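Here are two short exercises for you to try with the model in view. Work through each task yourself before you read the solution.

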Amino acid sequence: MKYDKTKPLTKKNVIDYLRSLNIEVKTNTKARGNNGLYQKNRIDIAKGLDEEKAISVLVHEFAHHIHYRIDNDFVKKGGSLAVLFNTSDITQIHSELVNITNLIDKNSRLNIFLNAKEQTSSTIKSMQNSIKKDYPDFQRSKKFVEFEKYIKNSDAKYLVKYNAVRLAQGFFFKKERIITVKNIENDFPDMPKAFQTYIKMRSLQRKQAGITRRINKLNKYYNRPTELFARFVQGFFTNYETVTTVAPYTSQRFIKLLNEGYYKELKEFFEIFQGSIIHK
């Protein structure tokens with residue numbers, strides 16, 4: 001069906017336009033825990049988003065749809081900036097897109113995870129220094145011989161790899177005992193303080209490794225061409241002046257391709273709605 005181009009920018013009108021392109025739009029889902037989600041010819045936006053946020057998410061997901069239509073590597077590899085901007089010279093484009101992503105999505109800087117990693121690292125160093133008071137030769141990178149000798153006949157050995165363990169005790173009438181790193185002083189009151197600290201340190205090292213994996217995963221996500229492009233389009237639509245200032249080269253290239261029709265219906269979308277952008 002044709003879309004009435006005289007309608008103002010509202011969540012409902014944006015959805016109506018997307019549906020006029022035969023894109024399925026779902027507004028009553030959790031979008032897999034995200035604000036929005038794009039799958040082949042379908043956009044989900046989370047319930048409960050206010051008008052401005054919903055429009056921003058719809059623009060972001062529509063950018064994914066446009067990307068899907070022009071780039072065969074969209075699904076398997078997250079797309080290609082060279083294809084998205086129809087040029088092999090993408091060094092400056094990539095740099096500017098990263099800046100835009102950091103501008104639009106504060107979570108992309110990963111401050112929470114980076115701070116948690118730094119705090120965990122600081123605590124681990126403090127624990128290492130504490131252990132060294134009793135065992136001056138102790139090094140995290142080497143086997144802790146004194147500890148290994150002590151722990152081999154203790155149930156506490158399980159806490160070297162796990163934060164909590166459920167143990168079955170007794171031969172005929174089995175009872176369960178739960179031991180935890182958090183409660184190690186009570187579970188093993190006779191254990192030397194340095195060994196208790198070492199087990200806690202091993203637990204924090206596992207936590208640190210988990211944080212690092214999370215950071216790497218998120219960095220990979222935020223740097224995928226499809227996400228960089230979608231956040232750029234989202235910012236270009238909702239905050240044109242700022243985005244064109246932060247990413248002048250990319251904006252110029254985008255406008256040229258947009259006017260040439262390279263981005264399919266995205267040109268029409270901008271022509272219909274860009275004049276009534278919602279600002280905070």
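**Exercise 1.** Find which strands helix H1 lies across, and at what angle H1 runs to S1.

*Solution.* Step 1: H1 (residues 11-20) lies across S1 and S3. Helices (H or I, at least four residues) and strands (E, at least two) are DSSP runs, numbered from the N terminus. This is a predicted model, where local features need pLDDT of at least 70, side-chain atom pairs count only at pLDDT 80 or more, and totals for chains, interfaces and linings use all residues. Residues are numbered from 1 along each chain as its sequence is written, and side-chain values use heavy atoms, leaving out hydrogens and water.

Step 2: H1 runs at about 140° to S1; angles run from 0 to 180 degrees between N-to-C directions, with axes fitted to C-alpha atoms, for helices over the stretch in contact (heavy atoms within 4.5 Å).

Step 3: On the sheet, helix H2 (residues 51-70) packs too, touching S1, S2 and S3.

**Exercise 2.** Which residues of helix H12 are buried, and why are they on the same side?

*Solution.* Step 1: The buried residues (under 20% relative accessible area, 1.4 Å probe, protein chains only) are Thr250, Ser251, Phe254, Leu257 and Leu258.

Step 2: These residues cover an arc of only 135° around the axis, judged by the directions from the helix axis to the C-beta atoms, so they sit on the same side of H12.

Step 3: Turned away from that buried side is a face with Gln252 and Asn259, which are exposed (over 50%).

Step 4: Among the elements covering the buried residues are helix H5 (91-104) and helix H10 (225-238).
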